[in-house]
Amino acid sequence: MKQSTFRRKFYYSLGFLLIFMTNTFAQSSDKMDWWKDAKFGMFLHWGLYSQTAGYWDGHVAKGNEHFMIHEKISLKEYATIADDFNPVNFNAEKWVLTAKDAGMKYIIITSKHHDGFAMFDSPSNDYNIKTRTPYAKDPMKELVDACHKHDMKFGFYYSLGRDWEDPDVATDWPFKGGRSNLVDYPDEDIKVYSRYFERKVKPQIKELMTQYGKIDVIWFDTPELISPEESKELRELILGIQPDCIINSRIKHGFGDYKVTEQEIVDGLESDPWEACITMGKNWGYIEYDTIYKSSELMTRQLLEIVSKGGNLLLNNGPTAKGEITDLAQARLAQIGQWMKQNSEGVYGAKPWKVQAERLAEVPKQVEKIKVSEGENTMKDNLKDATSKDIFPEVRFTTKDGAIYAYVCSPTEKKVLIKAFSIENAGKIKTVTQLNTSEKVNWKQTQKGLMVEIPKYSENEIPITGFKIGL
């Protein structure tokens, strides 16, 4: 009898403990958790500008995907591009699987870029792909459905404070009217942002939040003249419909969930959530003559640098007007994906270690970073890429579940000495395993560091080796 009572009390207590732990975990979980663990996403710039592919009126267009204002084209003339926009080769599932096979965990796509043209069915504004193009469908519906099918997180990009279709959108960078449609709407002083906000932004954000099921991210760009009250209202509108939706910092005025750097990687460790959006080539949208892409090795190095500093990489490519991811982009992504399949253990869900990087050889002279002053009249914001293009031997470090991950990048020697793993710095090492093989690793720890042997690389292999270190 006493034993039976004891058992009942024991199982009751155990059940209570499990319920308590479950509730505690549920309360402590955060909508940002998946995003912080994901590390790697695909950015897609796709719109009417994809149709012209970098040209206008028989010449190379100024401003690339921003060419409407750079070439001073009227809205009426620019809108005629839609007459020919017909992405008959668009295959949402292929796009999603291309991203997934590359090791990416989420997709962000331009629902409306600065030209004001909606790439989705927008009942509130007929300047959209379904109403104005021969395609006459909503490709976003297929893309979101494919993401849901393949467990890919999904987000919409939305240009918030630049819209060349609307008469009430003024800009003040790099000078008054510097990014405005002054051909159709030349008087900046009569423009009232709140009218555009009520007439176009709020209705379209509601459409994006209600027409497609679960949306994981809203990625705002160019907030420009939005007021603090409007940023707050916009956040409340989004979360009132989709409470788990993450919003980037470009909603402005401190109402975002994470910080964005564009074409730039932060210099040191960043404790708050952040993401670097970086192009594969020079441009964001499809430009036919943009055929010099970063190498897979460089992009993988950039991913590791960003993760070692606590961030995510949102890697951009611009699909063609026919709806195809370019062959160049597909080749690079496939190569990165092969590397990720073997080495991603220290990427997904990883956090920065106490040391972010260690140089293994003299670093070549850095490429001069392009700094764009707020006061400069430079029309080059779409081409600003301040990321280093240098490749040199180094180690990038991350940590997860008590293990340390050391990614030896671009080594030139068969053996490397990692000084961060000296006994004094790291304590005694118990195990060293190579992530992409079950073969034994030749290593030795000394007072100077960890000496580890590097494998040979095949011709098409990215020369970066990940090691898991058990202390």
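**Close-up views of a predicted model**

**View 1. Surroundings of T222.** Leaving aside neighbours within four places in sequence, T222 is in contact with H114, S159, L160, G161, R162 and R250. The model shown here and in the other views is predicted. T222 is situated in the loop that runs between β6 (217-221) and α10. With one of these contact partners, S159, the side chain of T222 makes a polar contact of 3.2 Å. The relative accessible area of T222 is 11%, under the 20% limit, and the residue is therefore classed as buried.

**View 2. The salt bridge between R250 and D221.** R250 and D221 are joined through their side chains by a salt bridge with an N to O distance of 2.8 Å. This pair links distant parts of the chain, 29 residues apart: D221 belongs to strand β6, whereas R250 lies in the loop between β7 (246-247) and β8 (259-262). D221 is buried, at a relative accessible area of 9%. R250 also counts as buried, with 16% relative accessibility. R250 is, in addition, one of the residues in contact with T222.

**View 3. The salt bridge between D216 and K214.** D216 and K214 form a salt bridge in which the closest N and O atoms are 3.0 Å apart. The two partners fall into separate accessibility classes: D216 counts as buried at 4% relative accessibility, while K214 counts as partly exposed at 40%.

**View 4. The salt bridge between K259 and E270.** A separation of 3.5 Å between the closest N and O atoms defines the salt bridge of K259 with E270. K259 is part of strand β8 and E270 is part of the loop between β8 and β9 (274-279), so the salt bridge ties together parts that lie 11 residues apart in sequence. K259 counts as partly exposed, with 35% relative accessibility. E270 is likewise partly exposed, its relative accessible area being 21%.

**View 5. A salt-bridge network.** K112, D163, E165 and K200 are joined into one network by salt bridges that share partners. For the model as a whole, the count comes to 30 salt bridges.

**View 6. Surroundings of R235 in helix α10.** R235 is found in helix α10, which spans residues 228-241. The relative accessible area of R235 is 18%; because this value is under 20%, R235 is classed as buried. When neighbours within four places in sequence are left aside, the residues in contact with R235 are K31, I247, I251, F255, G256 and D257. For G256, the C-alpha to C-alpha distance to R235 is 8.1 Å, although the two residues are 21 residues apart in sequence.

**View 7. The enclosed cavity and its lining.** Rolling a probe the size of a water molecule over the atoms shows where empty space is left. In this model, the count comes to one cavity of 30 Å³ or more. The largest cavity holds about 80 Å³ of space. It is lined by 13 residues, of which N283, G285, D290, Y293 and G318 are the closest to its centre. By class, five of the lining residues are nonpolar, six are polar and two are charged.

Technical notes: Residues are numbered from 1 along each chain as its sequence is written. This is a predicted model: local features need pLDDT of at least 70, side-chain atom pairs count only at pLDDT 80 or more; totals for chains, interfaces and linings use all residues. Side-chain values use heavy atoms; hydrogens and water are left out. Helices (H or I, at least four residues) and strands (E, at least two) are DSSP runs, numbered from the N terminus. Buried means under 20% relative accessible area, exposed over 50%, partly exposed in between (1.4 Å probe, protein chains only). Contact means heavy atoms within 4.5 Å. On a 1 Å grid over the protein atoms alone, a cavity is a set of points where a 1.4 Å probe fits but cannot get out, and a pocket is an open set with protein on both sides within 12 Å along at least five of seven lines; lining residues have an atom within 4 Å of a point. Grid points are joined across faces, edges and corners, and a volume is the space filled by probe spheres set on the points. Ala, Val, Leu, Ile, Met, Phe, Trp, Tyr, Cys and Pro count as nonpolar, Asp, Glu, Lys and Arg as charged, and the others, Gly among them, as polar. A polar contact is a pair of N or O atoms within 3.5 Å; within protein, one must be able to donate a hydrogen and the other to accept it, and residues adjacent in sequence count only if both atoms are side-chain atoms. A salt bridge is a side-chain nitrogen of Lys or Arg within 4 Å of a carboxyl oxygen of Asp or Glu.
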